[in-house]
Amino acid sequence: MTKRKFIVIGVGIVLVIILGIGGKVYMDNKRFNDEMVNVVKNGQAKREIEIGLKNLDSKALTPEGIIKSYEIDYESIEHNPMGGIMFDVIINDDEKLRVYNLLNKNTEDGTLENSGGGNTAELEELLKKGGN
């Protein structure tokens, strides 16, 4: 019976250690994701998004523009393995109209810069029809 108790206690200790490590990894990942969301929510990121939208449509975010509104898809935020934060922007409340963004921090002055991305084919088609 003492051998059985020893095995049960040993298995219990191993399970507690595994759960502790798993909890730590989960909390670290959650904290990292929350930090990325906060970066994307700040005013500097929104300025970069709007500059990118105006590059696509010179009259963006005005009544005359094709791009009338945008919303950040916070569920799409993820870390880019090469650095930076990737996320989608939904245009005119239409899930098919998306702009893919990559934000990086400028190493010289610490400001955010939009480092690339792309658009959905549907948005490209809409912009072509609009003459941009």
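Which residue forms a salt bridge with aspartate 28, and how far apart are the closest N and O atoms? Keep that question in mind while you orient yourself, and remember throughout that what you have open is a predicted model.

**First stop: the salt bridges along helix H1**

Select helix H1, which covers residues 2-41, and show the side chains of aspartate 28 and arginine 31. Arginine 31 is the partner in question, and its salt bridge with aspartate 28 has its closest N and O atoms 3.3 Å apart. The two residues are three apart in helix H1, so about one helical turn separates them. Colouring by accessibility would show arginine 31 as partly exposed, with a relative accessible area of 46%, and aspartate 28 also falls in the partly exposed class, at 30%.

Stay in the helix and add lysine 30 and aspartate 34 to the selection. Their side chains meet in a salt bridge with an N to O distance of 3.5 Å, and because these residues are four apart in helix H1, they too are separated by about one helical turn. Lysine 30 is partly exposed at a relative accessible area of 39%, and aspartate 34 is partly exposed at 34%.

**Second stop: the nonpolar patch on the surface**

Now select Ile9, Ile13, Ile17, Ile21 and Val25, which make a nonpolar surface patch of about 480 Å². Isoleucine 21, one of these residues, lies in helix H1 and counts as exposed, because its relative accessibility of 53% is over the 50% cut-off for that class.

Glycine 23 is also found in helix H1, and its relative accessibility of 31% places it in the partly exposed class. If you draw a distance from the C-alpha atom of glycine 23 to that of isoleucine 13, ten residues away along the chain, the viewer should report a separation of 15 Å.

**Third stop: the nonpolar core**

Hide the surface and turn to the interior. Which residues of the largest nonpolar core touch the most other members? Select Leu53, Ile77, Phe87 and Ile91, which hold that position among the 21 residues of the core. The elements that each give two or more residues to this core are helix H1, helix H2 (43-56), strand E1 (70-79), strand E2 (85-91), strand E3 and helix H3 (121-129). Strand E2 gives the most, with four residues.

**Fourth stop: a buried salt bridge between strands**

Select aspartate 73 and arginine 98, which form a salt bridge with their closest N and O atoms 3.0 Å apart. Aspartate 73 lies in strand E1 and arginine 98 in strand E3, so this pair ties together parts of the chain that are 25 residues apart in sequence. Are the two partners buried or exposed? Aspartate 73 counts as buried at 16% relative accessibility, and arginine 98 is buried as well, with a relative accessible area of 11%; the cut-off that both values satisfy is under 20%.

Extend the selection to Asp88 and Glu95, and you will have a network in which Asp73, Asp88, Glu95 and Arg98 are joined by salt bridges that share partners. A search of the whole structure finds six salt bridges.

**Fifth stop: two loop residues with positive phi**

Move next to the loop between H2 and E1, where leucine 61 has its place. The phi angle of leucine 61 is near 65°, which is a positive value in a residue other than glycine, and leucine 61 is partly exposed, with a relative accessible area of 29%.

Then select asparagine 92, which is found in the loop between E2 and E3. Asparagine 92 also has a positive phi, near 50°, and is likewise a residue other than glycine; with a relative accessibility of 24%, asparagine 92 counts as partly exposed.

**Last stop: the patch of negative charge**

Bring the surface back and select Glu71, Asp93, Asp94 and Glu122, which gather there in a patch of negative charge. Within this group, aspartate 94 is found in strand E3, which runs over residues 94-105, and at 30% relative accessibility aspartate 94 counts as partly exposed.

Key:
Residues numbered from 1 in each chain as written. Predicted model: local features only at pLDDT ≥ 70, side-chain atom pairs only at ≥ 80, totals over all residues. Heavy atoms only, no water. Patch = residues over 30% accessible without salt bridge, like charges linked within 9 Å, V, L, I, M, F, W, Y side chains within 5 Å. Areas by Shrake-Rupley, 256 points an atom, 1.4 Å probe, with all protein chains shown as cover. Salt bridge = Lys/Arg side-chain N within 4 Å of Asp/Glu carboxyl O. Lys, Arg positive; Asp, Glu negative; His and termini not counted. Charge placed at Lys NZ, Arg CZ, Asp CG, Glu CD. Buried < 20%, exposed > 50% of the residue type's maximum accessible area, 1.4 Å probe, protein only. Core = buried A, V, L, I, M, F, W, Y, C linked by side-chain atoms within 4.5 Å.
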